[in-house]
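Q: I am new to this structure and would like a close look at one part of its surface. Please start there, and then go on to whatever else helps to place it.

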Amino acid sequence: MKLTLKEIENATGGTLYGDNITVTSLSTDSRSVDGGCIFCAIKGERVDGFDFIKGLDSKDNIAYLTDRIPDGVKNPYIVVDDVIAAIG
């Protein structure tokens, strides 16, 4: 996978905030996020991926796919209505 955030924005119908970087991987597990990854913040029964965004923001060259706007993050993100539907 090699996509720009603009391409992901267009495919998901979301809204991009920040730089149009290129990502090469996707993760729903915050422990596996490295440079070039887009972290998909999925809300589960016990854990909400959105809660991990601030902790990931110290990493460089990553992005977030989320259903709400995170406050005070430096990395770019795409806001969609439904994260699970967007990655489908």
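A: In this predicted model, a nonpolar patch on the surface is formed by M1, L3, L26 and I87. Together these residues have about 330 Å² of accessible area. One of them, I87, belongs to helix α3, which covers residues 83-87. I87 has a relative accessibility of 33%, so I87 counts as partly exposed; the range for that class lies between 20% and 50%.

The patch residues also appear in another part of the model. The lining of the largest pocket includes M1, L3, L26 and I87, and the volume of this pocket is about 170 Å³. Two elements, α1 (5-12) and α3, each give two or more residues to the lining. The largest share comes from α1, with four residues. Among the other residues of the lining are E7, I8, A11 and T12, as well as I38, L65, A86 and G88. By type, the lining divides into nine nonpolar residues, two polar ones and one charged one. The charged one is E7, because Glu is counted as charged. T12 and G88 are the polar ones, because residues outside the nonpolar and charged groups, Gly among them, count as polar.

Charged side chains come into view elsewhere. The structure holds six salt bridges. Two of them share R68. In one, D48 pairs with R68, and the closest N and O atoms are 2.5 Å apart. D48 sits in the loop between β5 (37-40) and α2 (53-56), while R68 sits in the loop between β6 and β7, so this pair ties together parts that are 20 residues apart in sequence. In the other, the side chains of R68 and D67 meet at 2.9 Å, N to O. D48, D67 and R68 are thus linked in a network of salt bridges.

The members of this network can be placed by how much of each is accessible. D48 has a relative accessible area of 10%, so D48 is buried, buried meaning under 20%. R68 is partly exposed, because its relative accessible area is 32%. D67 has a relative accessibility of 33%, so D67 also counts as partly exposed.

Another salt bridge joins R31 and D29, with 3.0 Å between the closest N and O atoms. R31 has a relative accessibility of 73%, so R31 counts as exposed, a class that starts over 50%. D29 is partly exposed, because its relative accessible area is 28%.

The loop between β6 (63-66) and β7 (77-79) also holds P70. P70 has a relative accessibility of 6%, so P70 counts as buried. P70 and K54 are 16 residues apart in sequence, and their C-alpha atoms are 7.9 Å apart in space.

One more loop residue has a backbone angle to note. N61 has a phi near 60°, a positive value in a residue other than glycine. N61 lies in the loop between α2 and β6. With a relative accessible area of 41%, N61 is partly exposed.

To return to the starting point, M1, L3, L26 and I87 make up the nonpolar patch on the surface, and these four residues are also listed in the lining of the largest pocket.

Notes
Residues are numbered from 1 along each chain as its sequence is written. This is a predicted model: local features need pLDDT of at least 70, side-chain atom pairs count only at pLDDT 80 or more; totals for chains, interfaces and linings use all residues. Side-chain values use heavy atoms; hydrogens and water are left out. Patches are made of residues with over 30% relative accessible area and no salt bridge: like charges are joined within 9 Å, nonpolar side chains (Val, Leu, Ile, Met, Phe, Trp, Tyr) within 5 Å. Accessible areas come from the Shrake-Rupley method with a 1.4 Å probe; for residues, only the protein chains shown count as cover. A salt bridge is a side-chain nitrogen of Lys or Arg within 4 Å of a carboxyl oxygen of Asp or Glu. Buried means under 20% relative accessible area, exposed over 50%, partly exposed in between (1.4 Å probe, protein chains only). On a 1 Å grid over the protein atoms alone, a cavity is a set of points where a 1.4 Å probe fits but cannot get out, and a pocket is an open set with protein on both sides within 12 Å along at least five of seven lines; lining residues have an atom within 4 Å of a point. Grid points are joined across faces, edges and corners, and a volume is the space filled by probe spheres set on the points.
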